[in-house]
Amino acid sequence: MSGMEKPRNRRLFPHALDVANGRVDMTHGAGGRAMAQLVSEMFAAAFENEYLAQGNDMAVMAPPPGRLVMSTDGYVISPLFFPGGDIGSLAVHGTINDVAMSGAKPLYMSAGFIIEEGFPLADLKRIIEFMAGASRATGVPIVTGDTKVVERGKGDGVFIVTTGVGVLPEGLHISGDNIRPGDAILVSGSIGDHGIAILSKRENLEFETTLESDSAPLHDLVAHMVAAVPEVHCLRDPTRGGVAATLNELANQSDVGMALDEDALPIKPAVRGACELLGIDPLGVANEGKLLAFCPAGRAERLLEVMRSHPLGAESAIIGHVEEGQGRNLVRLRTSFGGDRVVEWLNGEQLPRIC
Amino acid sequence: MKYASEFRDGALARKVCAAIAAECQDGCAYTFMEFCGGHTHTIARYGLEQMLPEAIRLVHGPGCPVCVLPVGRIDSALELARDHGVILCTYGDMVRVPGSHRDSLLKAKAAGADVRMVWSTLDALKIARETPDRQVVFFGIGFETTTPPSAMALKMAKAENLNNFSVFCNHVMTPPAMRAVLDGEGLPLQGIIAPGHVSTVIGTGPYQEFADRGQAIVVSGFEPLDLLQSVHRLVRQVNEAAPRVENAYGRALPDDGNAKARAVIAETMTVREGFEWRGLGRLPDSALRIADAYADFDAERRFALPYRAVPDPKSCECADIVRGLKRPEECKLFGTACTPDAPIGSCMVSGEGACAAHWLYGRHRRTAAAE
């Protein structure tokens, strides 16, 4: 952690933050010296970059040529630390992915923290370090931020809101309303890993699994995809609500129907088993490091090849095709069993069967 | 997946269907009721009705616990959560079931009531231990399958003197509901696909009375091949004119069920004089209440809950659907005013309800048929 070891400004902050045993209190959000110290010694130190070094409430940068893309997302995940990730790296990956789903190259991020009074400084430091690590690994600096503290009981540990800005290469038109009948539907890897990894750690539901969240930044995979196949019609990351919700959303947005092939869906045995046990459908389980891609059928094999040659797309598959919508926009699944069923989006969380 | 994928083999399923078709005799009726909502779900999910020969008619029965619970009971749960300030612990399916005025536990929760979804009665006991200053009520619903966990919770609460815990008992029994269906004005049935999980508790013995009344009975598992095999056996019983009780779920079900589970139920619960079922009306000796020895843990007594019968919403055909008198799509509200997002009738709420299963899995089949 490069910046963390810098000597403290003893004139400004005579007392060290007690990271090991200390907790966030109301003064850390009150705009005074305690807040300045928290920001300086934890956030600015970890995220260190030329924009933060300006020391302003905003970052100033020259706009790149081309169209700008902007996206924002709030992160409220529970638990904060989970197999394969944590809220900090998730807040970086998730927003980078939202920007990247336009085909854009993400450039900058902002981060807002809403922290509950009493939250351990040690946990906050871990989250910030994971976040800084993810930001550095993706080459997308966190250039501005904000910290607020709310009274105990008015939050749940920490909430993070990140906003990302990116720039779109010329010649791309990737959008949720751009899907055409005949398009192939591809997914960049196994479905449902994130949701099941989180469920396995939920209070009252702990079960043993070696599954990890698939949380990952997809911008580099996207860059390879659109460079090789600029005819990509649509990209979207199937997060909350899983593949089922995303496809239904897109079917309505583009006024088309979709047909999936169950045998083609990449689903890990551990996810399949957990879903069977809990009575939920893997298609409705969240992902954080996968994308769905739509492209003309004639370009699907090439796109698949490019995706599979990238580490984050090694298990990519063509899972179905787009049909005329006929005003109904149904997503259908040809089952392994030989039947045919509707893939519905869910109302609320997937609820367990009771008998 | 061991013990699951083998029972979902489509090619084998088509062979079984061909064998069934070959054995169906002209002029013979093969109308069978699958009692259990879990079976209804499998039938809809795998499209079994479309695979079976036309001679076979499957009627969806009342074995969906959420679907048969009357609105008045939901209102009581709402009253507990809202007016008595308890922590109401419930299985997930119940939270969206509409009570009077389209109210639900989910809406009550949003308005400040403390409603918690649990996966097990053990979770509810844990909450009671951890919050000794609050009353914790477990909303017990379901047939014989979910009754033993409620019964065990009562035993454990009593043993631990967990005096802030109680059970709102709505457990119902399968045989009285079957009796009511057969006594009612529904379609004449030739046989019943009996519920596998219920039978793991009660055994196969209680179905003999229905075989004695001329019904072919096969207790079935929940995978598509289980159900097709059960239909096959029912067809044979009809052809042989030899109705009897058969166990086609041998891998999970000993003929005598689970005596220990029955003993715990017998210790903690007792038969209610009468219980209102949605669709079937008030049935004598069809449900359980908490035994007097456990009265201290009975939420109905602790909170002096009155029961007020509430008529079903107008135009809602759930009552006829759970008796097999109507198919879901014959209800005017189906898919228009009543969908899983905004359910009016209980059959649309639970994934095991006939309406939800048809909506979820069957819609495009009707579109395809219309084309």
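Buried area is the accessible area (1.4 Å probe) that two parts lose on being put together, summed over both. The exercises below use a predicted model.

**Exercise 1.** Describe how domain 1 and domain 2 of chain B meet.

*Solution.*
1. The domain assignment of chain B gives residues 24–316 as domain 1 and residues 318–370 as domain 2.
2. The C-alpha centres of these two domains of chain B are 19 Å apart.
3. In contact are 36 residues of domain 1 of chain B and 29 residues of domain 2 of chain B.
4. Between the two domains of chain B about 2,700 Å² is buried, and carbon and sulfur atoms give 58% of that area.
5. A salt bridge needs a side-chain nitrogen of Lys or Arg within 4 Å of a carboxyl oxygen of Asp or Glu. Across this interface of chain B the rule finds zero salt bridges.

**Exercise 2.** Work out which strands stand at the edges of the open seven-stranded sheet in chain A, and why one side of each is left without a neighbour.

*Solution.*
1. The strand order in chain A is β8-β10-β7-β11-β9-β12-β13, with mixed pairing.
2. β8 (234–236) and β13 (340–342) of chain A each have a single partner strand, so one side of each has no neighbour in the sheet.
3. On average, neighbouring strands of this sheet are turned by 25° against each other, direction ignored.

**Exercise 3.** Describe how β9 and β12 of chain A are joined, and place helix α7 of chain A against the strands.

*Solution.*
1. β9 (residues 256–261) and β12 (residues 331–334) of chain A run parallel and are joined by four bridges.
2. Leu260(A) stands opposite Leu333(A) of β12(A).
3. Helix α7 (residues 242–254) of chain A lies across several strands, including β9 and β12 of chain A, and runs at about 150° to β9(A).

Methods: Residues numbered from 1 in each chain as written. Chains lettered and ligands numbered in written order. Predicted model: local features only at pLDDT ≥ 70, side-chain atom pairs only at ≥ 80, totals over all residues. Heavy atoms only, no water. Pairing = 2+ DSSP bridges. Helix = DSSP H or I, 4+ residues; strand = E, 2+ residues; numbered from the N terminus. Axes fitted to C-alpha atoms, helices over the stretch in contact; angles between N-to-C directions. Contact = heavy atoms within 4.5 Å. Domains from an automatic or database assignment.
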